[in-house]
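Here's a quick tour for anyone about to set up calculations on this one. Have a look at the sequence and the fold, and then we'll go through charges, strands and cores.

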Amino acid sequence: MTKVDIFSGFLGAGKTTLIKKLIAEAYKGERLVLIENEFGEIGIDGGFMQDAGIEVTEMNSGCICCSLVGDFGKVVEEYAPDRILIEPSGVGKLSDVIRAVQNVGSDALQLNSFTAVVDANKCKMYMKNFGEFFNDQVEHANAIILSRTGEISPDKLNTDIALLREHNPNASLIVTPWSELTGAQILEAMEKRISDTINSAPSAQCARPELPRMSDARLPHE
């Protein structure tokens, strides 16, 4: 069974940094494939990926959701990975990517986690100016991981948390600075108690999954 992890987030939020941390600290020993949809974003350095023994499929144009079926068939057949990591364009809707994976309909795939990476400095601004896309990422995530929380005041952090909880009261929420966490701790929060919910979600629908409350999965500072 190949696990599928989706990492959404606006440009500069820290998706690539998070993926690199997980590769170095949490995914060791796993055969990985990374599917990127860059649209001008800076992808993961090829040398780093080569040294880690990871296959990379890049889609620099077109819609990632329209390309996933073919890419999944190719990577599963050719590489038999333990895990596929999907890094969509920052302006993409997480719900669309989740639905695309579900609609592949392969018994060899398990939709394992769908994470929204949020820049703590820009959360309120993005929610106001890009609500359709930003809120979709937040509302459909089973884990919300804030970046750069060490750069803001406690009051601003609390405002971010309140805004995010208005749109998703159930997701695992990580606000601890990443330097204080291991990749394994982050991955545990991303995956916590979610597999049964994902596997039972209707594949033909794009509605927000009904997620269990995960307050015990939150890390310090919330």
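A salt bridge here is a side-chain nitrogen of Lys or Arg within 4 Å of a carboxyl oxygen of Asp or Glu. By that yardstick lysine 93 and glutamate 132 make one, with their closest N and O atoms 3.1 Å apart. Keep in mind that this is a predicted model. Searching the whole structure turns up seven salt bridges, and a few of them are worth a closer look below.

**Salt bridges across the chain**

- The lysine 93–glutamate 132 pair links distant parts of the chain, since lysine 93 sits in the loop between strand 4 and helix 4 while glutamate 132 belongs to helix 6, 39 residues apart.
- Lysine 93 is partly exposed, because its relative accessible area is 25%, whereas glutamate 132, at 54%, counts as exposed.
- Arginine 83 pairs up with glutamate 30, the closest N and O atoms being 2.8 Å apart.
- Arginine 83 is in strand 4 and glutamate 30 is in the loop between helix 1 (15-25) and strand 2, so this pair ties together parts 53 residues apart in sequence.
- A shorter hop joins aspartate 96 to arginine 99, at 3.4 Å from N to O.
- Both aspartate 96 and arginine 99 belong to helix 4, three residues apart, which is about one turn of the helix.
- An α-helix has 3.6 residues a turn, so residues three or four places apart point the same way.
- Aspartate 96 has a relative accessible area of 27%, so it counts as partly exposed, and so does arginine 99 at 33%.

**Arginine 83 and its company**

- Is arginine 83 buried or exposed? It is buried, because its relative accessible area is 2% and the cut-off for buried is under 20%.
- Its partner glutamate 30 is partly exposed, at 27% relative accessibility.
- Asp5, Glu30, Arg83 and Glu191 are linked in a network of salt bridges.
- The side chain of arginine 83 also makes a polar contact with the side chain of glutamate 191, at 3.2 Å.
- Beyond its sequence neighbours up to four places away, arginine 83 touches a list of residues including Thr2, Lys3, Tyr27, Arg31, Asn112 and Leu187.

**Aspartate 136, a buried charge**

- Aspartate 136 lies in helix 6, which spans residues 131-139.
- What does this aspartate have by way of a salt bridge? None: aspartate 136 is buried, and the nearest side chain of opposite charge, lysine 93, is 5.3 Å away.
- Polar partners do turn up, though: a polar atom of the aspartate 136 side chain lies 2.9 Å from the backbone nitrogen of leucine 94.
- Serine 95 offers its side chain too, in a polar contact with the side chain of aspartate 136 at 2.8 Å.
- Leaving out residues up to four places away in sequence, aspartate 136 touches Lys93, Leu94, Ser95 and Gly131.
- Asp136 has buried company in helix 6, namely Gly131, Phe134, Asn135, Gln137 and Val138.
- The cover over those buried residues includes strand 1 (2-9), helix 4 (94-104), strand 5 (109-119), helix 5 (123-129), strand 6 (143-147) and helix 7 (154-167).

**Strand 2, covered on both sides**

- Five of the five residues of strand 2 (32-36) are buried, so this strand is largely enclosed by the rest of the structure.
- In a regular strand the side chains alternate between the two faces of the sheet.
- In strand 2, Leu32, Leu34 and Glu36 are buried on one side, and Val33 and Ile35 on the other.
- Strand 2 runs parallel to strand 4 (83-87), joined by five bridges.
- Within that pairing, isoleucine 35 stands opposite isoleucine 86.

**Nonpolar cores and isoleucine 145**

- The largest nonpolar core has 34 residues, of which Val4, Ile6, Val118, Phe134, Ile144, Leu146 and Leu164 touch the most other members.
- Strand 5 supplies the largest share of this core, five residues.
- Another core of 21 residues lies apart from it, with Phe7, Ala13, Ile23 and Leu181 among them.
- Isoleucine 145 is in strand 6 and is buried, because its relative accessible area is 0%.
- Setting aside neighbours within four places, isoleucine 145 contacts residues including Leu18, Val117, Ile174, Trp178 and Met190.
- Isoleucine 145 and alanine 171 are 26 residues apart in sequence, and their C-alpha atoms are 9.8 Å apart in space.

Definitions and conventions:
Residues are numbered from 1 along each chain as its sequence is written. This is a predicted model: local features need pLDDT of at least 70, side-chain atom pairs count only at pLDDT 80 or more; totals for chains, interfaces and linings use all residues. Side-chain values use heavy atoms; hydrogens and water are left out. Helices (H or I, at least four residues) and strands (E, at least two) are DSSP runs, numbered from the N terminus. Buried means under 20% relative accessible area, exposed over 50%, partly exposed in between (1.4 Å probe, protein chains only). Lys and Arg count as positive and Asp and Glu as negative; His and the chain ends are not counted. A polar contact is a pair of N or O atoms within 3.5 Å; within protein, one must be able to donate a hydrogen and the other to accept it, and residues adjacent in sequence count only if both atoms are side-chain atoms. Contact means heavy atoms within 4.5 Å. Two strands pair if DSSP finds at least two bridges between them. A nonpolar core is a set of buried Ala, Val, Leu, Ile, Met, Phe, Trp, Tyr and Cys residues joined through side-chain atoms within 4.5 Å.
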